[in-house]
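User: I'd like to learn how to read backbone oddities and a ligand site in a model. Can you walk me through one?

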Amino acid sequence: MKQRNDIMWTALKMSENARVNIMDNKCEMVIEVLVSKLTLDEKISMLHGTGLFHNGGVERLGIPELVMSDGPMGVRNDFEDAHWMVIGNSDDYVSYLPSNSALASTWNRKLAYETGTVLGEEARGRGKDVILAPGINIKRSPLCGRNFEYMSEDPYLTGEMAVPLVKGVQNADTAACVKHFALNNQETERLWVEVKVSERALREIYLPAFEKVVKEGQVYSLMGAYNRYNGEHCCESKTLLNHILREEWKFDGMVVSDWGGVHLTREAATSGLDLEMSVTDNFDEYCMAQPLKKAVEDGEIQEALIDEKVKNILRLMYRLHMLGEDVAIRKPGSYNTPEHRQKTLDVARESIVLLKNDKNQLPLCQGKTRKVLVVGDNANRIQSYGGGSAEIKALYEITPLLGIKMLLGGNAKVDYVPGYYADNFDHMNTETNWQADSLENGGGSMGENGGVAPEILEKQNVYREAAVKKAAEGGYDTVIFVGGQNHFQDLEGHDRQDMKLPYAQDKLLEELLDVAPDAIVVMFSGSPVEMPWIKRVHTLIWNWFNGMEGGTALAEILFGKVNPSGRLPETFPITYTDCSAHCIGEFPGGETVNYKEGIFVGYRYYDSRQIPVLFPFGYGLSYTEFVYSNLRVKGNYPDFKVSVDVTNVGSVAGKEIVQIYVGKPDSSVERVVKELRGFAKLDLQPGETKTAEISLDPAAFTYFDEQLRHFVTESGEYKIFAGKSVEEICLAESCEVEVGSEQLRYFL
Ligand code: BGC
């Protein structure tokens with residue numbers, strides 16, 4: 001019987017492979033024929049923006065324009081074709097998803113896939129072909145203004161979440177466009193800054209997630225970064241685009257520039273870039289427009305190079321069923337469906353991280369809650385329309401205040417005071433979007449400590465005093481502070497100057513805690529903040545920017561309808577100067593930024609150098625307790641399977657994230673103490689035990705050898721750690737790795 005099954009399986013596999021080959025052949029045939037029929041002008045029109053968010057199509061051959069939109073928290077509002085003016089109709093409201101930091105905090109691959117399906121279906125629903133998402137740059141510093149758009153400081157976690165996300169998007173016949181390739185880890189001088197980084201750090205930290213989305217995720221497109229590497233702009237980089245992406249990783253999809261990331265015609269044309277986009281309306285003058293045509297006509301650039309680029313774009317179109325008869329089978333999209341909203345809620349529920357619950361104040365008892373005071377601008381703020389290109393015109397957004405009131409259903413009195421005075425802007429305004437000027441002044445800067453204007457200071461005092469007075473009146477069952485940052489800090493084109501809370505919130509918190517020592521603190525933010533009051537706060541929740549149902553999810557967590565299960569995808573240092581990039585004075589750098597910290601990024605640094613942190617990577621609490629036992633490491637290199645039993649010993653159901661770290665104690669090269677190499681999220685009823693089964697990828701044992709210029713695996717003893725965070729290791733085991741010479745050389 002087994003033999004028959006095997007035969008059937010092999011036959012099935014063979015026919016599957018044959019089908020894939022036929023499809024591939026058909027694709028290549030179709031694009032060959034199309035390219036042979038295109039004139040030079042038509043080809044050139046496909047290689048650059050002919051509007052702010054699309055290239056040129058060729059109607060006579062049935063080649064449509066390729067229509068793109070940002071990303072990543074939903075599909076962005078529509079602009080006029082050649083002008084950064086929002087159209088402002090009612091047809092571009094969309095589902096607003098939790099930010100990538102929030103998604104990464106779920107450590108839930110399925111939710112990443114679901115997020116992808118929402119993004120992909122909504123993009124299709126809005127008539128877009130490419131969604132400019134997800135952003136997967138590594139969080140090198142807590143001060144980077146776009147951290148909220150990125151996932152983690154860890155390449156493994158980033159890759160594990162990005163792959164299903166990309167698959168979800170592309171399942172909807174929409175192309176994901178993973179950005180920004182590569183080394184775009186700051187906003188300051190983002191258009192020009194030259195990143196110097198060792199090849200080891202490049203390969204071990206900054207590239208693996210990109211490599212994974214290319215090889216495992218089969219992503220259809222990538223966006224080049226603004227910054228420079230190896231003396232070249234990343235959008236024109238031979239090293240990144242030609243050698244690594246195209247030759248090594250065999251990427252045959254489309255590479256689009258970041259908007260305004262191309263500077264030189266020759267360099268762009270000879271690099272692996274296919275499509276130049278920018279923010280200005282002089283479309284014919286783009287480097288890859290008339291200047292490129294002239295270069296071809298003058299014989300400086302071979303037309304064969306142009307053909308390759310056109311083919312890459314056509315290949316993406318073919319994959320999306322955009323060409324010929326295939327349009328009939330292209331999946332239609334949808335937006336603003338109840339299912340999409342439900343998925344944003346599912347993610348929000350699992351992304352919230354409970355950081356402190358010292359007095360077990362949470363969950364609150366709904367039945368006993370009669371009077372609540374909510375303090376803080378973020379409780380009542382619509383966040384979706386901020387952040388830069390990630391801005392969203394959300395169909396609606398449940399704020400924390402709304403979520404709490406909706407849950408309490410009128411049975412409790414909920415008072416609200418803003419507590420601090422924060423920036424505001426008119427999101428309905430019709431002024432030209434900031435992006436029109438986004439190529440000025442290096443494209444990005446660092447916030448300045450220009451001091452606070454006296455009238456603002458006055459307002460802050462008035463707001464603070466009113467809040468403290470209200471809390472001091474007493475009679476509240478609970479005081480909930482909802483503060484943190486908004487998109488005036490978590491913002492494209494801008495890095496923070498330090499990790500301090502804006503709007504004098506530290507002072508407000510200290511005074512609030514004087515009169516309401518049990519106040520529950522909830523923080524919105526895409527990056528950690530300093531918490532000088534941390535010892536005085538007993539209950540602390542980290543909320544990220546959590547999508548249109550964020551307020552619902554927060555209320556459910558506060559009142560115990562949902563048990564928190566988010567875990568930090570990045571370390572929260574005490575202050576930014578503890579971070580490796582900063583303590584060596586290499587953030588944001590000047591014309592050049594030197595990543596001298598090498599592979600010691602995030603927890604790899606804090607953990608290895610024993611630098612105390614506020615909250616470690618992987619950390620988060622639950623309303624229940626989990627006990628780990630019976631760690632087993634089975635198999636031989638390269639096939640190791642790790643399993644660990646986890647028991648819910650508390651009285652409520654909950655989800656636990658089992659984290660597997662690998663370390664090489666006496667390596668012949670400098671290595672970090674341990675690195676995340678696997679994880680599993682388990683759902684456990686009270687008293688239930690489940691086994692987490694985690695396969696270790698051969699890459700789990702490798703390091704990048706700079707002399708040999710490839711990944712290698714050392715033989716010898718490795719440590720396998722199972723833990724609840726990088727600091728809270730519950731169990732450890734050893735395993736022996738025997739590497740034959742043929743296995744020594746190992747490429748990811
Ligand atoms: C951003 C990209 C974005 C593009 C298009 C640029 O400013 O860096 O992430 O996709 O604009 O809006």
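Analyst: Sure, we'll take the backbone and then the ligand; keep in mind that this is a predicted model.

User: Which peptide bonds are cis here?

Analyst: As a general idea, most peptide bonds are trans. In this structure, G71 and P72 are joined by a cis bond with omega at about -10°, and P72 sits in the loop between β3 (68–70) and β4 (79–80). Another cis bond runs from A133 to P134, where omega is near 0°. P134 belongs to the loop between β6 (130–132) and α5 (155–170).

User: And what about phi at Q218 and Q610?

Analyst: Most residues other than glycine have a negative phi. Q218 has a positive phi, near 50°, in the loop between α7 (208–215) and β9 (221–224). Q610 also has a positive phi, about 50°, and its loop lies between α18 (603–608) and β23 (613–615).

User: Is Q610 buried or exposed, and why?

Analyst: Exposed counts as over 50% relative accessible area. Q610 has 70%, so it is exposed.

User: Now the ligand: which residues come nearest?

Analyst: D70, R146, D258, Q435 and E492, out of 15 residues around the ligand. That shell divides into five nonpolar, three polar and seven charged residues.

User: Which polar distances should I look at?

Analyst: Look for N or O pairs within 3.5 Å. A ligand oxygen is 2.6 Å from a side-chain N or O atom of E492. For H180, a polar side-chain atom lies 2.8 Å from a ligand oxygen, and for R76 the distance is 3.3 Å. Taken alone, the ligand exposes 310 Å², and the protein buries 100% of that.

Note on methods:
Residues numbered from 1 in each chain as written. Predicted model: local features only at pLDDT ≥ 70, side-chain atom pairs only at ≥ 80, totals over all residues. Heavy atoms only, no water. Helix = DSSP H or I, 4+ residues; strand = E, 2+ residues; numbered from the N terminus. Buried < 20%, exposed > 50% of the residue type's maximum accessible area, 1.4 Å probe, protein only. Near = heavy atom within 4 Å. Polar contact = N/O pair within 3.5 Å; in protein donor to acceptor, adjacent residues only side chain to side chain. Areas by Shrake-Rupley, 256 points an atom, 1.4 Å probe, with all protein chains shown as cover. Nonpolar A, V, L, I, M, F, W, Y, C, P; charged D, E, K, R; others polar.
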